[in-house]
Amino acid sequence: FTPLRSDNVFVLNPVLELEMNITQFFRVGFGAHYTLVTGVNNLFDYKDSDFSSPGAFLSFKFGWF
């Protein structure tokens, strides 16, 4: 049995995305983000940098725009 631990953390996730209309009802987007986590203190041997990282994504959107 592992005892429950609590911690107060702050997460910031800024995103930059470019989106392009392919047709009247289809868009493609791509972008990047960075997840910044601070305040990790009571989670075993984890630290802020274990949860903070950059990332990228590709999105497909369908509908009438």
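**Notebook: salt bridges, ring pairs and strand β3**

Entry 1. I looked up R27 and found that R27 forms a salt bridge with E19, the closest N and O atoms being 3.0 Å apart. The model is predicted, and I read each value below as computed from it. E19 counts as partly exposed, at 36% relative accessibility.

Entry 2. I then asked how many salt bridges there are by this rule. The count comes to 4. One of them joins the side chains of E17 and K61, at 3.9 Å from N to O. This pair links distant parts of the chain: E17 belongs to strand β2 (residues 15–23) and K61 to strand β4, 44 residues apart. I noted E17 as partly exposed, with a relative accessible area of 32%, and K61 as partly exposed at 33%.

Entry 3. K47 and D50 form a salt bridge as well, with the closest N and O atoms 3.9 Å apart. K47 is partly exposed at 48%, and D50 is partly exposed at 42%. Which residues are joined into one network by salt bridges that share partners? I recorded E17, E19, R27 and K61.

Entry 4. I turned to the aromatic rings and found 4 aromatic pairs in the structure. F26 and F60 form a stacked pair, 6.3 Å centre to centre with 5° between the planes. F26 lies in strand β3 (residues 26–38) and F60 in strand β4 (residues 53–62), 34 residues apart, and the pair links distant parts of the chain. I checked whether F26 is buried or exposed. F26 has a relative accessible area of 17%, so it is buried, the cut-off being under 20%. Ring pairs link F26, F60 and F62 into a cluster.

Entry 5. I looked up the rings of Y46 and F51, whose centres are 5.5 Å apart. Their planes stand at 55°, so I entered the pair as tilted. Both residues are partly exposed: Y46 at 48% relative accessibility and F51 at 38%.

Entry 6. I examined how β3 and β4 pair and found the antiparallel sense, over 10 bridges. The bridge partner of F30 in β4 is L58. Of the 10 residues of β4, the number buried is 1, so this strand lies largely in the open.

Entry 7. I closed with T35, which lies in strand β3 and is buried, with a relative accessible area of 16%. A polar contact of 3.2 Å joins its side chain to that of N13. Leaving aside neighbours within four places in sequence, I listed the contacts of T35 as V11, L12, N13, F51, S52 and S53.

Methods: Residues numbered from 1 in each chain as written. Predicted model: local features only at pLDDT ≥ 70, side-chain atom pairs only at ≥ 80, totals over all residues. Heavy atoms only, no water. Phe/Tyr/Trp six-rings, centres within 6.5 Å; stacked < 30°, edge-to-face > 60°. Helix = DSSP H or I, 4+ residues; strand = E, 2+ residues; numbered from the N terminus. Buried < 20%, exposed > 50% of the residue type's maximum accessible area, 1.4 Å probe, protein only. Pairing = 2+ DSSP bridges. Polar contact = N/O pair within 3.5 Å; in protein donor to acceptor, adjacent residues only side chain to side chain. Contact = heavy atoms within 4.5 Å.
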